[in-house]
Amino acid sequence: MSGPRPHWLFGDQLGPHFLEPSGSGPDPDAPVVIVEARSVFRRRRFHRAKAHLVLSAMRHRAAELGDRARYVRAETYREGLRRAVGERAVTVRHPTSRAALGLVTALPQVEVLPPGGFLVPFGDFRRWADGLGGRRLVMEDFYRRVRRAERLLLDPAGEPVGGRWNFDADNREPPPRGEPVLPVPPPRWPEEDEIDERVRADLDRWERSGEVRFVGRDGPRRFAVTRAEALRALEHFATARLPHFGRWEDAVLAADPWMAHSLLSVPLNLGLLDPGECVRRAEDAYRSGGAPLNSVEGFVRQVAGWREYVWQLYWYLGEEHRHRNALGHRAPLPDWFAELDADAVRARCLSGVLAQVRDTGWTHHVPRLMVLGNWALQHGYDPAAVTDWFHRSFVDGYDWVMVPNVVGMSQYADGGTITTKPYTCGGAYLNRMGDLCRPCPHRPGDRTGERACPFTAGYWAFVHRHRALLAANHRTARAAAGLDRLDDLPEVLAAEAVRGSAAP
């Protein structure tokens, strides 16, 4: 068969930049192969909304490419590729997971091209990380390097605009008191079409037949699945919501899961948006007077800083990082947590956040870290199981996203490779940053008694369990010393032992 080699697109490589032929890209006008492998959904119980998003995005991309695309539905990727091209040589961009990379490198007909969808080449990060001589991989240092390399938010002299690299201190305001939602324009929601209808019908049929099982609910589609939808979402965020993003970046409201967040993680992680265009659009908003610096810098740090850092760490730290368990946590996920059974939970914060995940497959970074991750950490859930749960339950969750974020940051299972302390807190912090505690049968300040806050009691039980480790860390030594001031510690520990794995 003559002509350019076909190019294989995975379901998270759907933007036009993955087909750009310049440099080390695919052949010009290469036929495109997209394989919908049913085995992906047979192996793991993904969130129903996530399955819908990925299939809808893949099928929309095939429809856009028209006759250029060969869309194959098969049991496995190998079978689909064989049906699409036989033994013909193909190219593929570097996949985003080790499992997928292992697959494509095992196929002799496949040439793996450099990855797309990220700003920093692997070699640049490795040279920086290897050059640290054993010192910690500090995200802030990496972020500044990216800002300089990409000329982001710099003045003519190459220094950060506003005189600071980081405006995080300006982005910790609690929400307006007494207001159930932020005074912010709502997100721009996409409209479903006939492709979404067919996807939902297929998922319904697969579930009825017992072929696959999902968690969560598949409500109206809330995230972009096409390039056009993604660009509209980016523009709406930059003009209507970015101006409000920074000040309430760490706030939480029970009735406002979206707050002023961009909701761009899904189209970014599907490959529909390139991170460079996102951060440059945000910078344009600042330079034109459309958004304050603290909001723009906060968003740029999320995309060009943390997202790039997590991607690089996933590959740099190797497969061993996935299996770290420095705290020795082995408890299995209880059914109510694993199944997103929000109705089984009385604690308002945890019930509300589980319901958000159940209904949408998404919640922003503070509930992820300080409610869901915090609960799992306090109760010693196996970090590998927690990582898998986040991967399956979140619409923007991928292996490269969740291994560093959960193993490293949320569960402190790597013992401090990524973060300098475990991220855990009691009810007082949650109460301070929003309204998750109002109304609730528990009181955030109570450690014992009928209205004891399960997060507050869980916090002190965690500190007690890991006292030696926390006392040796200057960032947590005060928490460990605080145990000596608790005259009710035996009662706290006894009540936590009775609670066990039950829903709070």
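At 41% relative accessibility, does Arg 205 count as buried, exposed or partly exposed? Arg 205 counts as partly exposed at that value, where buried means under 20% relative accessible area, exposed means over 50%, and partly exposed is in between (1.4 Å probe, protein chains only). The model here is a predicted one, in which local features need pLDDT of at least 70 and side-chain atom pairs count only at pLDDT 80 or more, while totals for chains, interfaces and linings use all residues. Residues are numbered from 1 along each chain as its sequence is written, and side-chain values use heavy atoms, with hydrogens and water left out.

Arg 205 has a partner: its side chain meets that of Asp 202 in a salt bridge, 3.0 Å from N to O. A salt bridge here is a side-chain nitrogen of Lys or Arg within 4 Å of a carboxyl oxygen of Asp or Glu. Side chains of opposite charge can pair when their charged atoms come close. Both Asp 202 and Arg 205 sit in helix α7 (residues 194-209), three residues apart, or about one turn of the helix. Helices (H or I, at least four residues) and strands (E, at least two) are DSSP runs, numbered from the N terminus. An α-helix has 3.6 residues a turn, so residues three or four places apart point the same way. Asp 202, for its part, is buried, with a relative accessible area of 8%.

There are 45 salt bridges in the structure. One of them links Glu 36 to Arg 59, with the closest N and O atoms 3.0 Å apart. Glu 36 belongs to strand β2 (residues 32-37) and Arg 59 to helix α2, so this pair ties together parts that are 23 residues apart in sequence. Glu 36 and Arg 59 are both buried. Another salt bridge joins Arg 322 and Glu 319, whose closest N and O atoms are 2.8 Å apart. Glu 319 is partly exposed, at a relative accessible area of 34%. Elsewhere, salt bridges with shared partners connect Arg 48, Glu 192, Arg 200, Asp 204, Glu 207 and Asp 218 into one network.

Next come the holes inside the protein. On a 1 Å grid over the protein atoms alone, a cavity is a set of points where a 1.4 Å probe fits but cannot get out, and its lining residues have an atom within 4 Å of a point. Grid points are joined across faces, edges and corners, and a volume is the space filled by probe spheres set on the points. Four cavities of 30 Å³ or more turn up, and the largest has a volume of about 90 Å³. Its lining has 13 residues, with Ala 49, Gly 219, Pro 220, Arg 221 and Arg 222 nearest the centre. The elements giving two or more residues to this lining are α2 (48-65) and α13 (348-360), and α2 provides the largest share, three residues.

The second largest cavity has a volume of about 70 Å³. It is also lined by 13 residues, and nearest its centre lie Cys 349, Cys 437, Cys 440, His 442 and Cys 453. Here α13 and α18 (454-465) each supply at least two lining residues.

Finally, helix α6 (residues 139-150) has buried residues Met 139, Glu 140, Phe 142, Tyr 143, Val 146 and Arg 147. Seen down the helix axis, these fall within an arc of 160 degrees, so they line one face of α6; the arc is that of the directions from the helix axis to the C-beta atoms.

Methods: 1 Å grid on protein atoms, 1.4 Å probe; cavity = no way out; pocket = protein on both sides within 12 Å on 5 of 7 lines; lining within 4 Å.
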